Amino acid sequence: MAEIKLVATARSEFGKGAARRLRRADQIPAVLYGHGSDPQHVALPGHQTMLAVKQANALFSIELDGKTTLAITKDVQRDVVKNTIEHVDLLIVRRGEKVTVDVQVTVVGESYPGTIHVFETQALSLEVEATHIPNEVQVSIEGLTGGTSITAGEITLPEGATLLSDPDLTVIAISVPHASADDLAAEAAASEIAASQSAASAAAAEA
């Protein structure tokens, strides 16, 4: 994954009032921590940060006072009403070190005609290099028939990744959808109406 470069500025004011002033200036309060260092309270560019955190497990290159620090997102606090970013927690990482992340599972291909696939688990917990975090884990369901399931341990992981989730955990299940009682009743009623109409048409023709 490519590094996302953000230029940060140090924060000396804290509290809700200071945070609101930052957000009005299109900046987002954040904290950098990890590797035994003291937390660094910073402000990040608002629009760039908003776009960056939309990417799962984004790797940030934070430039602060002429020094560059690599970090990943640990928490994003949002306003539940406005859905705006209130605060970002960033964990400092180093090249070559391993980190634990949850990676989204996506499917490729189509299961056997007449079947559907259902996600039992949306993401897998993996241990990966901090600078090589995959965007997703792809799973092929091409041609799989009803009753088939895929467990975490059966999935081919990106190079260098180690599975931390339970290998017996079901990730995707293939099933054949069954019509509900209401659907069957409606179908029977429609057939009965069609039969009645056909009989009436035949009778009218004979008359």
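**Strand pairing, nonpolar cores and confidence in a predicted chain**

In strand β14, Ser-175 is the residue that stands opposite Ile-116, where strands are DSSP runs of E with at least two residues, helices are runs of H or I with at least four residues, and both are numbered from the N terminus. The model is a predicted one, in which local features need pLDDT of at least 70 and side-chain atom pairs count only at pLDDT 80 or more, while totals for chains, interfaces and linings use all residues. Residues are numbered from 1 along each chain as its sequence is written, and side-chain values use heavy atoms, with hydrogens and water left out.

Strand β9 (residues 116–119) and strand β14 (residues 170–175) run antiparallel and are joined by four bridges, two strands being taken as paired if DSSP finds at least two bridges between them. Within this pairing, Phe-119 faces Ile-172 of β14. Strand β12 (residues 149–151) is likewise antiparallel to β14, with three bridges between them, and here Thr-151 stands opposite Thr-170 of β14. Together these strands form an open sheet of three strands with antiparallel pairing, in the order β9-β14-β12. Its edge strands, each of which pairs on one side only, are β9 and β12. Neighbouring strands of this sheet are turned against each other by 15° on average, direction ignored, the axes being lines fitted to C-alpha atoms, for helices over the stretch in contact, with angles from 0 to 180 degrees between N-to-C directions.

For the chain as a whole, the secondary structure comprises three helices and 14 strands. Of its 207 residues, 32% are buried, where buried means under 20% relative accessible area, exposed over 50%, and partly exposed in between (1.4 Å probe, protein chains only). The accessible surface, computed by the Shrake-Rupley method with a 1.4 Å probe, amounts to about 12,500 Å², and 51% of it belongs to carbon and sulfur atoms. When contacts (heavy atoms within 4.5 Å) are restricted to residues at least 6 apart in sequence, 61% of them join residues at least 24 apart.

The largest nonpolar core, a set of buried Ala, Val, Leu, Ile, Met, Phe, Trp, Tyr and Cys residues joined through side-chain atoms within 4.5 Å, contains 23 residues, of which Val-99 and Leu-124 touch the most other members. At least two residues of this core are supplied by each of β6 (67–78), β8 (98–108), β10 (123–129), β11 (137–140) and β14, and β8 gives the most, with four residues. Not counting residues up to four places away in sequence, the contacts of Leu-124 include Val-101, Val-137, Ile-155 and Val-171. Apart from the largest core lies another, of 19 residues, including Leu-44, Phe-60, Val-88 and Leu-90.

Glu-63 is located in strand β5 (residues 59–64) and counts as partly exposed because its relative accessibility is 39%. Although Glu-63 and Ala-8 are 55 residues apart along the chain, their C-alpha atoms are separated by 5.9 Å. Beyond four places in sequence, Glu-63 touches Leu-6, Val-7, Ala-8 and Thr-68.

The mean pLDDT, the predictor's confidence in each residue on a scale from 0 to 100, is 85 for the chain, and 86% of the residues reach 70 or more. Among the elements, strand β13 (residues 162–163) has the highest mean value (96) and helix α3 (residues 181–206) the lowest (62). Where pLDDT is low, the predicted coordinates should not be read in detail.
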